[in-house]
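Please work through the following exercises with the sequence and the model at hand. Each task is followed by a solution in steps.

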Amino acid sequence: MSAQTHASHLPQSEAGVIRIALNLGAAGMLAGVILATVNYFTQPIRLENERIAQENARKMVLPAAETFQPIADLDGWFLGLDGGGAKVGYVLPVVQRGYDGNIHMTLGTDKNFAVVDYKILKDRETPGLGAKAKEPFFHERFKGRTKDRLEVDKVPVEGKILAITGATITSRAIANGIKGQLETLEKLAADDFKNIPQDMKEGGKHHE
């Protein structure tokens, strides 16, 4: 007996519920097919846009580099080379918990592991407060700093990074994320990246 025939032998209210359920199920299946189709055709475009954004970020955070050589087994890590093939620095990913979720960044350092610049790729920080970490005035506070000079304070203190007003958590998250990756970079570069921990290898978890 079909669902339609069965429904005709039920009280009107129950038959109505069954019809609604069948209609909802059909609508759900159709929506799933539409979403899958859209994703199939748009995913290559999205991936290409992400690739371009990451490439632009590398150029921004390490402008002295002409080319970027991937570091084997480390997803998103690059050695920056000038036009003559000489090392000018490194580019690496940073993921750090902020005020409202993870902050995803690209970090550029010179060959002595000092900060050149960083770029925030994705975050959920508060507009007008933590979101100001994207602005040039805050970037300037990091440039040239090494891992031992990344302490943040709410008030101006010589040698320390002045936090964004009303966004100390975000300010410290940026500093802590950069510091952690600089420490990791120094350790890995000490033996020319020959002893990379298994959990850091390509496809694994970045430092957080």
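The exercises below concern a predicted model.

**Exercise 1. Surroundings of Asp123**

Task: Determine where Asp123 lies, whether it is buried or exposed, and which side chain it pairs with.

Solution.
Step 1. Locate the residue: Asp123 belongs to the loop between strand E5 (115-122) and helix H3 (136-139).
Step 2. Assign the exposure class. The relative accessibility of Asp123 is 19%. Buried means under 20%, so Asp123 counts as buried.
Step 3. List the contacts. Apart from neighbours within four places in sequence, Asp123 touches Asn102, Ile103 and Lys134.
Step 4. Examine the polar partners. A polar atom of the Asp123 side chain lies 2.9 Å from the backbone nitrogen of Glu125. The side chains of Asp123 and Lys134 are joined by a polar contact of 2.5 Å.
Step 5. Test the second pair for a salt bridge. The cut-off is 4 Å between a side-chain nitrogen of Lys or Arg and a carboxyl oxygen of Asp or Glu. In Lys134 and Asp123 the closest N and O atoms are 2.5 Å apart, and the two residues form a salt bridge. Both partners sit in the loop between E5 and H3, 11 residues apart.
Step 6. Compare the partners' exposure. Lys134 has a relative accessible area of 41% and is therefore partly exposed, whereas Asp123 is buried.

**Exercise 2. Further salt bridges**

Task: State how many salt bridges the structure holds, and describe the one that Arg124 forms.

Solution.
Step 1. Begin with the total: the structure holds eight salt bridges. Side chains of opposite charge can pair when their charged atoms come close.
Step 2. Find the partner of Arg124. Its salt bridge is with Asp100, and the closest N and O atoms are 3.6 Å apart.
Step 3. Place both residues on the chain. Arg124 is in the loop between E5 and H3, while Asp100 is in the loop between strand E3 (87-97) and strand E4 (102-110); the pair links distant parts of the chain, 24 residues apart.
Step 4. Assign exposure. With 56% relative accessibility Arg124 counts as exposed, and with 31% Asp100 counts as partly exposed.
Step 5. Add other cases. Glu151 and Lys160 meet through their side chains in a salt bridge of 3.2 Å, N to O. Lys160 is partly exposed, at 28% relative accessibility. A network of salt bridges links Asp117, Glu140 and Lys143.

**Exercise 3. The largest pocket**

Task: Give the volume of the largest pocket, and establish which element gives the most to its lining.

Solution.
Step 1. Take the volume: the largest pocket has about 350 Å³.
Step 2. Identify the residues closest to the centre. Of the 16 lining residues, these are Gln54, Gly76, Pro93, Thr106 and Leu121.
Step 3. Assign the lining to elements. Helix H2 (12-61), E3, E4 and E5 each supply at least two residues. E3 gives the most, with five residues.
Step 4. Classify the lining by chemistry: eight residues are nonpolar, five are polar and three are charged.

**Exercise 4. Ser171 in helix H4**

Task: Decide whether Ser171 is buried or exposed, and name the residues that it contacts.

Solution.
Step 1. Locate the residue: Ser171 is part of helix H4 (residues 168-189).
Step 2. Read the accessibility. The relative value for Ser171 is 0%, so the residue counts as buried.
Step 3. List the contacts. Once neighbours within four places in sequence are set aside, Ser171 is in contact with Phe138, Phe142, Val152, Ala163 and Ile164.
Step 4. Relate sequence to space. Ser171 and Lys132 are 39 residues apart in sequence, with a C-alpha to C-alpha distance of 9.4 Å.

**Exercise 5. Positive phi after H4**

Task: Describe the phi values of Asp192 and Phe193, and state whether each residue is buried or exposed.

Solution.
Step 1. Recall the background: most residues other than glycine have a negative phi.
Step 2. Consider Asp192. This residue lies in the segment after H4, and its phi is positive, about 60°, although it is not a glycine.
Step 3. Consider Phe193. Phe193 is also in the segment after H4, and its phi is near 60°, a positive value in a residue other than glycine.
Step 4. Assign exposure. Asp192 is exposed, with a relative accessible area of 55%, whereas Phe193 is buried, with 14%.

Definitions and conventions
Residues numbered from 1 in each chain as written. Predicted model: local features only at pLDDT ≥ 70, side-chain atom pairs only at ≥ 80, totals over all residues. Heavy atoms only, no water. Helix = DSSP H or I, 4+ residues; strand = E, 2+ residues; numbered from the N terminus. Buried < 20%, exposed > 50% of the residue type's maximum accessible area, 1.4 Å probe, protein only. Polar contact = N/O pair within 3.5 Å; in protein donor to acceptor, adjacent residues only side chain to side chain. Contact = heavy atoms within 4.5 Å. 1 Å grid on protein atoms, 1.4 Å probe; cavity = no way out; pocket = protein on both sides within 12 Å on 5 of 7 lines; lining within 4 Å. Points joined across faces, edges and corners; volume = space filled by probe spheres on them.
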